[in-house]
Every structure is written in C-alpha cells, then in structure tokens.
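Trainee: Could we go through this one together, starting with charged side chains and how they pair?

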Amino acid sequence: MELSIFQDHFLLRLENLFFVIAAVVSAILLLIPMITQGGIKEIDAREAVRLINYKDALILDVRDDSEYLAGHIPNAKHVPSQKMPERWVELEKYKDRPIVVIYPGGVRSNNPSLVLKKNGFTQIVNLMGGIDAWKRAGLPMVKR
C-alpha cells in the first residue's frame, strides 16, 4: 500500500497540524521581545541588587516625576523617559558602568534603553517587571 506525502511525514499529518501551528506561533511570540528590545537584556530584582553591590551599577529611573516622588530605589538617578533624548548626556560619566533601567511594570523602559545604546552605552539592562518587581521582592524604597 502506498502512503501519500501527508501520511508519510509526521509534521504534515492532519491530526498534527494543530501542534505544528502552535509550535510556530509560540516560537514567534518568544522571538518578538528579543527583536523589539533591540538586544537589551532583562534582569530580575536579585540580579539588579548584585549589579548594584558588586559592579557599582547606576539605577536609572525613567518614570514620570510624580511616580518617582511617590517612591523610588535609593540612590536612583531620575531622568523621565520623554526627556531621555535630550538628557542622556548627563549620564555620560556612567558610560562604563552597568545601568539598570526602571519603569513601572518594566514595560516602557525599552525606549530610554535604546537611546542610551544608540549613544554608545554598552552595559544597559532593564529590570524585568520594573519598580513593581522591586517592591514585590521587598527591597528598599525611598520617598521624598
């Protein structure tokens, strides 16, 4: 008995088509953040603390003024996200240090990170989950 090409190949069988499509969609969804972040690495709060303690990392808080004043990481440098294109030069002296970029929920930290990367900063990381992840980890916050 002769098998058709669909019966002969596992991936082409009709009953496996759903799994093949699911695998392709999953792969695409996993690749999208890597592409849209422009190669900016994300780290968790534990790794951020390690960078602060052992690598003298700069914490760059890019949240709005009101969000920053409501509570921020001790010793964080504040440059609001929308002002980063003109204020990145203030960070020039930190160019050789790791920079941990913080935003609420971590969602919008990508744009300031890309501004820094475009201007020659090489050790930029985003805090995965942003300030919310820092708070959940029970790490210190300062209010002014």
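Mentor: Let us start with Arg-50, which counts as partly exposed at 34% relative accessibility, where buried is under 20% relative accessible area, exposed is over 50%, and partly exposed lies in between (1.4 Å probe, protein chains only). Keep in mind that this is a predicted model, in which local features need pLDDT of at least 70 and side-chain atom pairs count only at pLDDT 80 or more, while totals for chains, interfaces and linings use all residues. Residues are numbered from 1 along each chain as its sequence is written, and side-chain values use heavy atoms, with hydrogens and water left out.

Trainee: OK, and which side chain does Arg-50 meet in a salt bridge?

Mentor: Its partner is Glu-47, with 2.7 Å from N to O; a salt bridge here is a side-chain nitrogen of Lys or Arg within 4 Å of a carboxyl oxygen of Asp or Glu.

Trainee: Where do Glu-47 and Arg-50 sit in the helix?

Mentor: Both belong to α3, residues 45-55, and because they are three residues apart there, about one helical turn separates them. Helices are DSSP runs (H or I, at least four residues), numbered from the N terminus, as are strands (E, at least two).

Trainee: And Glu-47 itself, buried or partly exposed?

Mentor: Glu-47 is partly exposed, its relative accessible area being 22%, so the pair joins that residue to an arginine that is likewise partly exposed, at 34%.

Trainee: Switching topic, how many salt bridges does the count come to?

Mentor: The count is seven, and another of them links Asp-61 with Arg-63, where the N to O distance is 2.9 Å.

Trainee: Is Asp-61 buried or exposed?

Mentor: Asp-61 is buried, with just 1% relative accessibility, and its partner Arg-63 is buried as well, having a relative accessible area of 3%.

Trainee: What about Arg-87, which side chain does it meet?

Mentor: Arg-87 forms a salt bridge with Glu-90, at 2.7 Å from N to O. On accessibility, Arg-87 is partly exposed at 23%, and Glu-90 is also partly exposed, with a relative accessible area of 33%.

Trainee: Which residues do shared partners join into one network there?

Mentor: Lys-77, Arg-87 and Glu-90 are joined into one network by salt bridges that share partners, so I would look at Lys-77 together with the Arg-87 and Glu-90 pair.

Trainee: And why do such side chains pair in general?

Mentor: Side chains of opposite charge can pair when their charged atoms come close.
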